[in-house]
Structures are given as structure tokens and as C-alpha cells.
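How do two copies of a chain relate to one another, and where do they touch? This report takes up the arrangement of the copies and then a pair of helices.

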2 protein chains.
Amino acid sequence: MTSAKYDVLGIGNAIFDVFARTDDGFLKTHGMDKGGMALIDEARALKIYDAMGPATEMSGGSAANTIVGVASLGARAAYVGKIKDDQIGKLYAHDIRAAGVAFETAAATDGPATGCSYILVTPDGERTMNTYLGAAQELSPADIDEDAIAASAIVYLEGYLWDPANAKAAFVKASDIAHRANRRVALTLSDAFCVGRYRTEFLDLMRNGTIDLLFANESELASLYETKDFDAALGHLRNDVTLGIVTRSEKGCVVADAKAVTAVPAMPIDKLVDTTGAGDLFAAGFLVGLARNLSHEECGKLGALAAAEVIQHIGARPQVSLKALADKHGLRV
Amino acid sequence: MTSAKYDVLGIGNAIFDVFARTDDGFLKTHGMDKGGMALIDEARALKIYDAMGPATEMSGGSAANTIVGVASLGARAAYVGKIKDDQIGKLYAHDIRAAGVAFETAAATDGPATGCSYILVTPDGERTMNTYLGAAQELSPADIDEDAIAASAIVYLEGYLWDPANAKAAFVKASDIAHRANRRVALTLSDAFCVGRYRTEFLDLMRNGTIDLLFANESELASLYETKDFDAALGHLRNDVTLGIVTRSEKGCVVADAKAVTAVPAMPIDKLVDTTGAGDLFAAGFLVGLARNLSHEECGKLGALAAAEVIQHIGARPQVSLKALADKHGLRV
């Protein structure tokens with residue numbers, strides 16, 4: 001195994017986020033599942049956007065948010081995701097590169113526009129996402145650069161990739177390349193509804209060794225193993241992957257491998273503003289800790305730190321240097 | 001004079017704001033005048049954007065921000081400004097309409113893209129704007145709808161409109177229509193550099209009755225009368241317009257007509273985050289007070305309230321209902 005060029009390379013749906021504050025009544029009126037991510041077509045996107053209040057825009061995408069967090073913690077980061085060569089795609093490419101992330105995926109020159117997620121944030125800080133995949137669904141195995149994957153210590157994949165048909169093949173290709181280069185492959189389950197759509201396939205990927213590390217939150221874990229018994233689900237998870245990391249919101253996280261289960265508390269916050277990106281940024285901190293060979297406890301603390309920053313403002317990407325924040329809290333990174 | 005359909009109709013450069021945090025060194029490296037608004041061409045826009053960090057986007061434009069504030073205070077508001085029919089133009093049109101503002105200006109179908117301002121926010125909360133006018137410079141007299149202007153109690157114009165050549169004629173046309181309908185016309189000087197470019201023309205507009213009300217901050221007023229003697233400048237202002245409103249940052253504002261000078265304190269804030277939109281939102285509150293025939297002191301307090309809200313977050317448009325905020329502070333509106 002040669003030394004890695006990137007600490008973490010992420011692959012995901014490149015999505016531009018359009019945020020507006022709203023109330024629970026709006027979610028109900030428009031038939032949205034609060035806290036979830038619904039895939040929508042262009043007609044529904046237009047309808048929802050028309051009904052939404054004034055918005056704020058920021059680049060997003062689950063794995064992309066994680067990778068920006070990895071870079072913000074001072075680690076070497078790369079991202080693979082599909083945008084279109086349109087105005088919004090240009091904003092997207094700027095933001096991820098300006099964050100210090102290597103981003104070389106060719107933009108689509110025709111086909112659907114750069115993907116957008118219409119994100120409604122309710123007063124309790126919960127976010128409800130309505131995602132038009134657009135160009136993101138054009139990601140294909142041709143976009144997977146063998147050299148970049150083989151040169152990355154950890155390849156990080158988002159479960160949402162299982163939605164667009166071509167991306168599945170890109171996902172599996174990336175995992176194969178990574179394993180041939182003796183690298184580790186991590187998956188985040190993304191969303192309980194996403195797990196509902198692909199439960200069997202995700203379990204196969206875990207059990208056949210396509211995935212080494214799994215990130216999930218409690219509801220995703222419950223959906224994966226179709227049980228509300230947390231300890232039972234965690235037991236299954238320890239059998240199915242080398243390392244399982246389960247986030248439990250304000251209760252912190254649980255890190256489980258064959259040998260041990262480590263619980264790490266969440267970091268206290270002043271005020272919850274917007275949960276968008278909480279899981280993404282937790283994964284960022286954890287992955288950087290892993291890439292630095294830190295203990296599971298230290299990895300969890302870095303994850304908690306990054307998640308705490310991102311949920312205290314609108315938007316799924318850090319607004320301060322997470323490296324500086326880690327230093328301030330005396331966390332090794 | 002028939003009863004008005006709109007309390008305030010604003011005309012300005014429709015500009016999409018691209019915000020990034022930076023430090024003073026960046027401004028120096030790129031030769032920017034801190035706190036100012038520089039007009040830039042496309043080549044410089046690309047260069048600045050390339051060098052900027054990850055951004056957050058929001059609709060902006062000085063008069064547009066004011067008009068959104070007017071609507072947020074529960075008053076009837078309309079806006080005239082030129083966008084292009086492109087992705088960013090669509091975001092822009094959505095945001096202003098979603099704020100409850102009537103916006104009917106036809107989007108350009110060819111020519112330059114929707115205008116953008118690249119706004120750098122330093123840790124002290126000061127903002128430095130680099131504006132590519134783009135489609136905004138295509139605003140022309142044909143975009144001035146006589147019926148809408150004549151049906152607006154106050155027409156509010158931004159000094160920045162004096163930059164694009166065709167907009168000047170639109171500006172004068174709107175003022176003429178308003179005065180024929182016995183309406184009032186207000187101008188904001190926009191920026192001390194803008195005043196430096198058009199001092200003589202602005203003074204002519206004030207002295208020949210094209211403008212009835214003038215909004216300025218201290219540095220704009222000093223530039224207009226080429227004096228640092230505030231009282232002397234205020235004396236000139238009282239001669240030149242029916243009503244002059246001068247904002248003085250944390251010192252509040254001074255409202256002056258032929259009869260009296262009224263000082264109104266600023267509203268205390270918790271933390272200055274970003275001054276972008278401070279003057280715009282002050283004008284919003286003041287104009288709504290005027291439209292409601294409130295006292296100059298009450299107008300100033302509404303201005304101070306709206307300005308205080310907008311400088312405590314990134315972005316030049318209110319993030320809460322200003323009407324609800326006014327109610328909370330016991331201000332009549």
C-alpha cells in the first residue's frame with residue numbers, strides 16, 4: 001500500500017441547497033414527511049419552490065458536505081459528483097474547490113440542470129428535504145478515476161447514490177478499486193426512507209465486503225434491521241461490518257467493532273438552528289480521526305464537534321475553520 | 001390624488017449577492033476599498049470569485065432589500081429592476097415575490113447575465129462589495145409602468161441607478177410620473193463613492209425638485225457637500241430637499257426638514273455580524289412610517305429596528321417578520 005494522496009475521497013449526489021424557514025403547516029399542506037428526504041421531479045420542484053418563502057442558497061450534497069468538513073479539519077480531501085455546466089453548477093464547483101477540496105468530475109454539458117434540494121427548516125430546527133437530482137443522476141462509472149480512488153486512505157460513499165441508476169455502478173467500481181489498493185470503504189445510510197428503498201442491497205454490500213465501515217443514525221439502523229431494539233440492531237451491525245458508527249442526536253454516538261462498543265457524548269450547543277448536515281459533519285470529524293489513527297473515542301469527539309458547529313446555523317457546511325475549533329477545544333486532529 | 005395601491009415602489013439595480021467571509025489582507029491583496037461598492041467587469045468578477053472562499057447566496061440589490069423590508073413590515077410594496085431570464089434571475093424573482101413584493105419587470109432574454117455582487121465580510125462585520133451589474137444595466141424607461149408608479153404613495157430610487165446609462169432616464173421618468181400624480185419621490189445616495197461620481201447631478205435632482213426626500217449616511221452626506229462639518233452639511237440638506245434623513249451607524253439617525261431636526265437613537269444589538277443592508281433596511285422602516293403618517297421619531301425608530309435585525313446575520317434581507325418584531329418592541333406600524 002503506497003502512502004495516500006487523499007485522507008478521504010467522497011462520492012455522492014452533488015446538490016445545491018435552497019433553504020427557507022417555514023412552519024409545520026406548510027409541510028402538511030404539501031404532504032412532506034418531516035425530517036426526511038423526498039426525491040421529486042421537476043414539476044414538483046417548481047410547485048414546492050413557488051410556494052416556498054424567500055430563500056438562502058448554499059452548496060450541499062451529503063457526501064460533499066462531509067468532504068468539505070474533512071478539508072476544514074485540515075485533512076486532504078477529494079470529491080466526485082456530477083453537476084451540469086450551468087450557473088448553479090458553477091456556484092457549486094466554486095464552493096467545493098474554495099473549501100480546499102480536489103474536485104475534478106467533468107460537468108455535464110447537456111441533460112438536466114444541476115440538482116437542487118428545496119429544504120424547509122421548521123422553528124424546532126428540523127429540516128425536510130425535497131431533492132431534484134438533476135445532473136447528479138448522470139454520475140457513471142466513467143467518472144470514477146482509478147488513480148484518485150486508489151490514492152485515498154478512505155473512500156466514503158453516500159446511500160443516496162443508490163437512487164440514480166448509473167451511480168450504483170460507479171459506487172461498486174470505486175469500492176473495488178479501493179479494496180484492490182488496500183483502502184477502506186465507508187458508507188453512510190443517508191436516510192431511513194433511503195434504507196427502506198434499498199435495505200436488501202445495503203445489507204448485501206455490507207456482508208459481501210463491498211463496505212467496511214457503516215455510518216447510520218438510530219432510525220436508519222432501526223430501518224436496516226427492521227427492529228426498534230437498539231442493542232439487537234447494534235449486535236447485527238457488529239457482525240455485518242468491520243466498524244459501525246451510530247449517531248443518536250443529543251445522546252451522542254456509539255462506535256462498535258468486533259472487540260468493543262464505545263459511547264461518546266454529543267457536544268453541548270447554545271441553540272439548535274438547523275439540523276441539516278448534522279450527520280454529514282459528524283462523519284467528517286470521525287473520518288479525519290480514523291485517517292489520523294486516533295482512538296474511536298477521539299474520532300467520536302471530532303465528529304461531535306463538527307456536528308455541533310453545523311447545527312447552530314442555517315446550511316450544511318461549516319462557517320468557521322473546524323481545525324481552529326478543534327484546537328480551541330483541545331482536540332487532537 | 002387617488003388612494004395608493006402601493007405604499008412604496010422601489011426602483012434599483014437587481015443584484016444577486018454572493019457572500020464570503022474573509023480578512024483585511026484579502027481586501028488589500030485585491031485592491032478593494034473596505035466598506036465600499038466597486039463596479040467591476042466580468043473579467044474582474046471571475047478573478048475575485050476564483051479567489052473567494054466558499055460562499056452563501058441570497059438575493060440583494062439596495063432598493064430591493066428596502067422594498068422587501070417594507071413588505072416584511074406589512075406595507076404594500078412593489079419593485080422595478082432588471083434581471084435576465086437565467087437560473088440566477090429565477091432565484092431572484094422567486095425571492096422578491098415570495099417576500100410579498102409585486103415584481104413585474106420583464107426579464108431580459110439576451111445580453112449579460114443577472115447581476116451579481118461579490119461581497120466580502122470581514123471579522124469586524126464590515127462588508128466590501130464588488131458588483132457586476134450585468135442585466136441590471138439594461139433597465140430602461142420602457143420598464144417604468146406609468147400606472148404602477150402613479151399608484152404608489154412613495155417612489156424610492158437608489159443612487160446606484162445613476163451608474164447604468166439607461167437607468168437614469170428610467171429614474172427621471174418615474175419621478176415625473178410620481179410628481180404628476182402628487183406622490184413623493186425619495187432617493188438614497190447609496191455609497192460615498194457613488195456620490196463622488198455623480199455629486200453635481202444628484203444636487204441638481206434635489207434642487208430642481210426631482211427628489212423630495214433624501215436618505216444618506218454621514219460619509220455620503222460629507223461627500224455630497226464636500227465637507228466634514230456635519231452641521232453645515234445638514235444645513236445645506238435642509239435647503240435642498242423637503243426631508244433629509246441621515247443615518248449615523250451606532251449613533252442613530254437625524255431627520256431634518258425646514259421646521260425641525262429630530263435625532264433618533266440606534267437600537268442596541270447583541271452582535272454585529274454583517275453590515276450589508278443596514279442602510280437599506282433603515283430606509284424600509286422609515287418609509288413605512290412615512291407611508292403611515294407617523295412622526296419622524298416613530299419613523300426613525302422603525303428604521304432603527306429594521307437595521308438592527310439585518311446587521312445581526314449574514315445577508316441584506318430580514319430573516320424574521322419585521323412586523324412581528326415591531327409589535328414585540330411596541331412600535332406602531
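What follows covers the symmetry, the interface and one helix packing.

**Symmetry.** The model is predicted. Chain B superposes on chain A after a rotation of 180° with 0.0 Å of shift along the axis, at an RMSD of 0.0 Å. The two copies are therefore related as by a two-fold rotation axis. Both copies use the same surface: 100% of the contact residues of chain B recur in chain A. Within chain B, the C-alpha of B:Glu57 comes closest to the rotation axis, at 2.5 Å.

**Interface.** Contact involves 18 residues of chain B and 18 residues of chain A. On the chain B side, two or more residues each come from β4 (56-59) and α4 (87-98) of chain B. The most come from α4(B), which gives six residues. By class, this side has nine nonpolar, five polar and four charged residues.

**Helix packing.** In chain B, the axes of α7 (residues 192-207) and α8 (residues 218-225) come within 8 Å and cross at roughly 40°. Because of that angle, α7(B) is oblique to α8(B). The crossing is right-handed. The residues that meet are listed here by helix.

| Helix | Residues in the contact |
|---|---|
| α7(B) | B:Ala192, B:Val195, B:Gly196, B:Arg199, B:Phe202 |
| α8(B) | B:Ser219, B:Glu220, B:Ser223, B:Leu224 |

The residues of this contact between α7(B) and α8(B) divide into four nonpolar, three polar and two charged.

Methods: Residues numbered from 1 in each chain as written. Chains lettered and ligands numbered in written order. Predicted model: local features only at pLDDT ≥ 70, side-chain atom pairs only at ≥ 80, totals over all residues. Least-squares fit on C-alpha atoms with pLDDT ≥ 70 in both. Contact = placed C-beta atoms within 7 Å. Helix = DSSP H or I, 4+ residues; strand = E, 2+ residues; numbered from the N terminus. Nonpolar A, V, L, I, M, F, W, Y, C, P; charged D, E, K, R; others polar. Axes fitted to C-alpha atoms, helices over the stretch in contact; angles between N-to-C directions. Parallel < 35°, antiparallel > 145°, perpendicular 65-115°, else oblique. Left-handed = near helix turned anticlockwise from the far one by under 90°.
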